[in-house]
Amino acid sequence: MLTFSTLGPLCVRADGHDVTPTAPKVRQLLALLLARRNTVVPLPAIADELWSHRPPRSSTGTVQTYAYQLRRALPDEEGSPQGGRLTTHPQGYVLQVATGECDLDEFGLLTLKGQTALAEDDSTGAARLLERALELWRGPLFADVTQGPTLRGYAMRLDELHLQAQEMRITAQLRLGRHRHVVGELKELACAYPLHEWFQGTLIIALERCGRRNEALQTYQRLREVLREELGLDPSPGLQRIRQHVLTDRISVADLDLLPG
């Protein structure tokens, strides 16, 4: 069985053995085909990705060579289409990936289930599902692959989905009263994303719920200073209300609804 791991360094395994291509351009082609798995990727789109919209005159022949090398790297399996996993079409190439073979699909499915559980007030189920989804991430998407314009855009979209999954899992944890459990993670996220009001506001809520009101107010003040310095803005009205709730000892998990996002 072939498995494709993309949520971190690119890795292809066949029956437990690493068969990941080593040539940089072949790896980049594989990453692009995985991002557009089960869909025909036209030759011009491949050339634009591999050479950042500046393909050489020989790009068609060169892409064909890379596709040949990739086809040889992926072992044939019983039941795979004629020509193997990578098939040629008049317009370009398509990589056939079955359900359960790519971690991207598993991440998307677990995230969707977690979102549904959260909407149905099943915080325990949501936390469990979203934890499993986030455990699939081993680093930035396609961390060891050269990324052209298409892969960069795709990676940015997946990074946003990764952040949304983190937000939903933290929401589930807070609904379960696990405030101390998430404070450390929220501090790390707030430091990594100093202008991200959802992470900052959630950290304020978690700190106050842990009895650390002074730290909660200091977090708000730092955010206010950064927003004014970087953007010339004040915190959103929802965050200002959260600050007021901290001051008047009226903070609750329901204040998450006041945050942007």
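**Close-up views of two pockets and three helix pairs**

**View 1. The lining of the largest pocket holds 15 nonpolar, 6 polar and 6 charged residues.** As you explore, keep in mind that this is a predicted model. The volume of the largest pocket is about 590 Å³. Which residues lie nearest its centre? Look for Gln-115, Leu-118, Gln-164, Glu-167 and Met-168, which are among the 27 residues of the lining. Two elements give two or more residues each to this lining: helix H4 (103-119) and helix H6 (149-175).

**View 2. Helices H4 and H6 cross at roughly 35°.** Here we stay with the two helices from the first view. The axes of H4 and H6 come within 10 Å, and their crossing is left-handed. On the H4 side, the contact is made by Leu-104, Phe-107, Thr-111, Gln-115 and Leu-118. H6 brings Tyr-154, Leu-158, Leu-161, His-162, Ala-165, Met-168, Thr-171, Ala-172 and Arg-175. Sorted by class, the residues of this contact are 9 nonpolar, 4 polar and 1 charged. Three names may look familiar: Gln-115, Leu-118 and Met-168 take part in this contact, and they are also listed as lying nearest the centre of the largest pocket.

**View 3. The second largest pocket contains about 190 Å³ of space.** Which helices each supply at least two residues of its lining? They are H6 and helix H7 (179-192). To trace the lining, find Leu-134, His-162, Leu-163, Gln-166 and Arg-169, and then continue with Glu-185, Glu-188, Leu-189, Ala-192 and Tyr-193. By class, 5 of these residues are nonpolar, 2 are polar and 3 are charged. His-162 is one of the lining residues here, and it also belongs to the H6 side of the contact with H4.

**View 4. Helix H8 (residues 197-209) packs against H9 at an angle of about 160°.** The axes of H8 and H9 are 7 Å apart. Why is this pair called roughly antiparallel? Angles over 145 degrees count as roughly antiparallel, so H8 and H9 fit that description. H8 passes H9 in a left-handed crossing. From H8, the contact uses Glu-197, Gln-200, Leu-203, Ile-204, Leu-207 and Glu-208. From H9, it uses Arg-213, Glu-215, Ala-216, Thr-219, Tyr-220, Leu-223 and Leu-227. The classes in this contact are 7 nonpolar, 2 polar and 4 charged residues.

**View 5. Helix H9 (residues 213-231) also packs with helix H10 (residues 237-247).** Their axes lie 10 Å apart, at an angle of about 155°. H9 and H10 are therefore roughly antiparallel to each other. H9 passes H10 in a left-handed crossing. The H9 residues in this contact are Arg-213, Ala-216, Leu-217, Tyr-220 and Leu-223. Opposite them, H10 offers Leu-239, Gln-240, Arg-243, Val-246 and Leu-247. By class, this contact has 7 nonpolar, 1 polar and 2 charged residues. To link this view to the previous one, follow Arg-213, Ala-216, Tyr-220 and Leu-223: these residues of H9 take part in the contact with H10, and they are also found in the contact with H8.

Notes. Residues numbered from 1 in each chain as written. Predicted model: local features only at pLDDT ≥ 70, side-chain atom pairs only at ≥ 80, totals over all residues. Heavy atoms only, no water. Axes fitted to C-alpha atoms, helices over the stretch in contact; angles between N-to-C directions. Helix = DSSP H or I, 4+ residues; strand = E, 2+ residues; numbered from the N terminus. Parallel < 35°, antiparallel > 145°, perpendicular 65-115°, else oblique. Left-handed = near helix turned anticlockwise from the far one by under 90°. Contact = heavy atoms within 4.5 Å. Nonpolar A, V, L, I, M, F, W, Y, C, P; charged D, E, K, R; others polar. 1 Å grid on protein atoms, 1.4 Å probe; cavity = no way out; pocket = protein on both sides within 12 Å on 5 of 7 lines; lining within 4 Å. Points joined across faces, edges and corners; volume = space filled by probe spheres on them.
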